[in-house]
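Q: I'd like to learn how to read a structure feature by feature. Can we walk through one together?
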Number of protein chains: 2
Amino acid sequence: MSRALSKLLQCQEKSLLRDVNSIDLHTHVYLPRYMNMLRERQDVPFVRKLRVHADSELEEDRLVILPDEQKQIDDAALGTQVSISAGRPIGGEYWDLNEKLAYMDHHGISTSVLSLANPWLDFLPTQEQTSMATLLNDDMEAICANSQGRFYAFGVTPQSLEEAIAELHHIATLPHVRGIILGTSGFGKGLDDPAMLGFYQTVDQLGLTIFLHPHYGVGNEHYHNYGHALFLALGFTFETTVAVSQLILSGMLDQVPTLKLLLAHSGGTLPFLAGRLDSCVAHDLAISTKLQHAPSHYLKGFYYDAIAYHTPALQCLIDFVGSDRIVFGTDNPFFPPHVEEGDPTINESDWSSTIANYETLADLDVGVQNAILRENAKKLLKL
Amino acid sequence: MSRALSKLLQCQEKSLLRDVNSIDLHTHVYLPRYMNMLRERQDVPFVRKLRVHADSELEEDRLVILPDEQKQIDDAALGTQVSISAGRPIGGEYWDLNEKLAYMDHHGISTSVLSLANPWLDFLPTQEQTSMATLLNDDMEAICANSQGRFYAFGVTPQSLEEAIAELHHIATLPHVRGIILGTSGFGKGLDDPAMLGFYQTVDQLGLTIFLHPHYGVGNEHYHNYGHALFLALGFTFETTVAVSQLILSGMLDQVPTLKLLLAHSGGTLPFLAGRLDSCVAHDLAISTKLQHAPSHYLKGFYYDAIAYHTPALQCLIDFVGSDRIVFGTDNPFFPPHVEEGDPTINESDWSSTIANYETLADLDVGVQNAILRENAKKLLKL
């Protein structure tokens, strides 16, 4: 056990990680109904058995969701033999809620607020989005209702105003669904699309929370030589940064100032860039005079997960927004352990990506730890 | 005077900002020879008198350097009437060293390490780059030599290996030129271009420093609706982040581990994203096994300017790399004051962008302030 994890446990007065009793607000699932749909699809996103080694007949289930992977698939011979870098191996950790519970037990997570993983419904025609959203939200409610308090959820909405508002009202009737996960494309034209205003207003009126999450990447043309590492490390965080900056500069938040927005991955890069963003906006009167406040004012009103992966970044976030707006998260089931990290039975081994997000809390006051680990989440989502 | 600036002056035991005695490592100039070239050009980058209001005959000198502005220019009628958002007003603060000195005196900057501003020589054919680099480096040396110690400089090099190495050897003979400013395109193919290795090795052998600076932007397709604000706030910082990440993942730094690299704008977003970058690389064995260290190891060996614009970001940088690798900078003459901010005589008024970068230092220990304001720069460049 690392010094940092040991210190966290000491502060929390626990001897085992499994007793820490945290609430995870950033944890994904591909629901069985959604998995079935992915298995039937031919284009990205899809799940398919692929021969991943050119010199072996062995096939494995691969989840292919990233926008840049379509070309790899198209380039691959015969449709069943693709580069090993296309997609990622997928197992029960992506859809089996019992595996999720075992992972939670092992890592001291008492409650998970589940969300459908990217790319949600973005790739479906509006009509299919609408019917699928209702079914998935009902699935999610049923899972949560049968979980003895272990699961709550963010729902999903279709990408058009009237249908989305109708689904928000449906979600508001589901006792365990406390908000929605939203991609940065909004209704397909970004979060600053004026058509989104009525959506934000309805979310706000219903007391729901938007969990904003990236999928498409920004700067993707630069990442090809380095697997998925730069796409995920940089493309995702840039995407959140761009989308939220556009939303702020659109001025729409002045019309819905109490909107509850939770930003994935500690806000991308926004806590670091907030000062520069303020300065650049202040030096462009055509932009700044349309806003009631500097960009950082809006940023300080959002919520952020603590998925920062190192202490300087988490401390930057705390210094910027205060510790009462930060909630624990894991990004499970992404970034699973390498097999060689521990027990090959994946749910019984330590997930280093999860441990890293506990370790960043080690040097904080116990009150701040408690706020981030569970208290802030309870208040935000009324758990 | 703000509370923060007042506190900084108190820590520094000065009553006036003009007595602070800082060293500015990020301060640009368009040398007269370079200005003449820009005035003769028809394509971006150029300087030209443009009619900036459709309803007025008034023309003003505009500096047009950003890659996305060519289209605006091409779209404009008759070549002399363009959108007011194309380019920026340009005056003596961009080329007149006496104005630079007046700015420095007013803001307590005893010494400036001058660098040519973007886009440097990137747009010229190799042969012109080569001859122009030598002339500009000699110009820079002459200016510094006649400055009674107020000016040192970063030089420029052409974008091809043999010519660049020759110019590095020339620079090493110029007593006041202590390194080079380098764009993120390197020799045109990025910093991870294998052809760059010999260049890095020569920089290292000669004891020079590379000041790495953005120009091209990343994610530019998302910024059009918001003037230059998002391009400069996000595009620039993403660009530095991408280029340095590529350099690290290329593995070349394992072959030149003592290379001195100074990153503009507090490293873009790298101090915040370093943990996530480590995690994403560690989860991609095809990438991580080619490197001797995690990405953050290399990042901790670089130098960074303190142009962070708010305290949480500067503290993140300090927490990440330590206060002995951070140097004061202003980005002058960009982000000039609005006329209404103070005295219309631009060099006599306070530059809020400069003041902001002093204010972020206010709450630090005086020893850390001194290191960032002047001592680290002296050590890095042997001033």
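A: Sure, and keep in mind that this is a predicted model. Let's start with what covers a helix: the buried residues of α13(B) are covered by elements including α1 (3–11), β1 (22–29), α4 (97–106), β5 (109–116) and α14 (366–381) of chain B.

Q: How many residues of α13(B) are buried?
A: The idea is to go through the helix residue by residue and apply a cut-off: buried means under 20% relative accessible area. Six of the eight residues of α13(B) pass, so this helix is largely enclosed by the rest of the structure.

Q: Which residues of α13(B) are the buried ones?
A: They are B:Ser353, B:Thr354, B:Ile355, B:Ala356, B:Asn357 and B:Tyr358.

Q: Let's move to the chain interface. How many residues of chain B are in contact with chain A?
A: Begin with the contacts, then go to area and chemistry. Here 57 residues of chain B are in contact with 57 residues of chain A. The area buried between the two chains is about 4,800 Å², with carbon and sulfur atoms giving 70% of it. On the chain B side, B:Tyr226, B:Phe272 and B:Arg276 supply 18% of the area buried against chain A, more than any other three residues.

Q: How many salt bridges and how many polar contacts are there between chain B and chain A?
A: For salt bridges between chain B and chain A, the count is zero. For polar contacts, there are 16 residue pairs, with both residues at pLDDT 80 or more.

Q: Which elements of chain B give two or more residues to the side that touches chain A?
A: Those are α8 (229–250), α9 (270–282), α10 (285–288), α12 (311–321) and α13 (352–359) of chain B. The largest share comes from α8(B), with 14 residues. Sorted by class, this side of chain B has 30 nonpolar, 22 polar and five charged residues.

Q: What domains is chain A divided into?
A: Look at the bounds before anything else. Domain 1 of chain A covers 2–30 + 92–381, and domain 2 covers 35–89. Taken over C-alpha atoms, their centres are 27 Å apart.

Q: How much area do domain 1 and domain 2 of chain A bury between them?
A: You can read a domain boundary with the approach we used for the chains. The two domains of chain A bury about 1,400 Å² between them, 73% of it on carbon and sulfur atoms. A:Tyr30, A:Phe123 and A:His228 supply 36% of the area that domain 1 buries against domain 2, more than any other three residues. In contact terms, 15 residues of domain 1 of chain A meet 16 residues of domain 2.

Q: What about charge and polarity between domain 1 and domain 2 of chain A?
A: There are zero salt bridges between these two domains, and one residue pair is in polar contact, with both residues at pLDDT 80 or more. The side of domain 1 of chain A that touches domain 2 has ten nonpolar, five polar and no charged residues.

Q: Where do I find salt bridges, then, and how should I read them?
A: Side chains of opposite charge can pair when their charged atoms come close. A search of the whole structure finds 14 salt bridges over all chains. One joins B:Arg33 and B:Asp139, with the closest N and O atoms 2.7 Å apart. That pair links distant parts of the chain: B:Arg33 sits in helix α2 (residues 32–40) of chain B and B:Asp139 in helix α5 (residues 126–145) of chain B, 106 residues apart.

Q: Which of A:Glu60 and A:Arg62 is buried, and which is partly exposed?
A: Check each partner separately. The side chains of A:Glu60 and A:Arg62 meet in a salt bridge (3.1 Å, N to O). A:Glu60 is partly exposed, with a relative accessible area of 28%, whereas A:Arg62 counts as buried at 5% relative accessibility.

Q: Last one: where is B:Thr184, and is it buried or exposed?
A: For a single residue, go from place to accessibility to partners. B:Thr184 lies in the loop between β7 (177–183) and α7 (197–205) of chain B. At 9% relative accessibility, B:Thr184 counts as buried. The side chain of B:Thr184 makes a polar contact with the side chain of B:Glu239 (2.6 Å). Leaving aside neighbours within four places in sequence, the contacts of B:Thr184 include B:Leu191, B:His213, B:Tyr216 and B:Ala243.

Key
Residues are numbered from 1 along each chain as its sequence is written. Chains are lettered from A and ligands numbered from 1 in the order in which they are written. Side-chain values use heavy atoms; hydrogens and water are left out. Contact means heavy atoms within 4.5 Å. Buried area is the accessible area (1.4 Å probe) that two parts lose on being put together, summed over both. A salt bridge is a side-chain nitrogen of Lys or Arg within 4 Å of a carboxyl oxygen of Asp or Glu. A polar contact is a pair of N or O atoms within 3.5 Å; within protein, one must be able to donate a hydrogen and the other to accept it, and residues adjacent in sequence count only if both atoms are side-chain atoms. Helices (H or I, at least four residues) and strands (E, at least two) are DSSP runs, numbered from the N terminus. Ala, Val, Leu, Ile, Met, Phe, Trp, Tyr, Cys and Pro count as nonpolar, Asp, Glu, Lys and Arg as charged, and the others, Gly among them, as polar. Domain bounds come from an automatic or database domain assignment. Buried means under 20% relative accessible area, exposed over 50%, partly exposed in between (1.4 Å probe, protein chains only).
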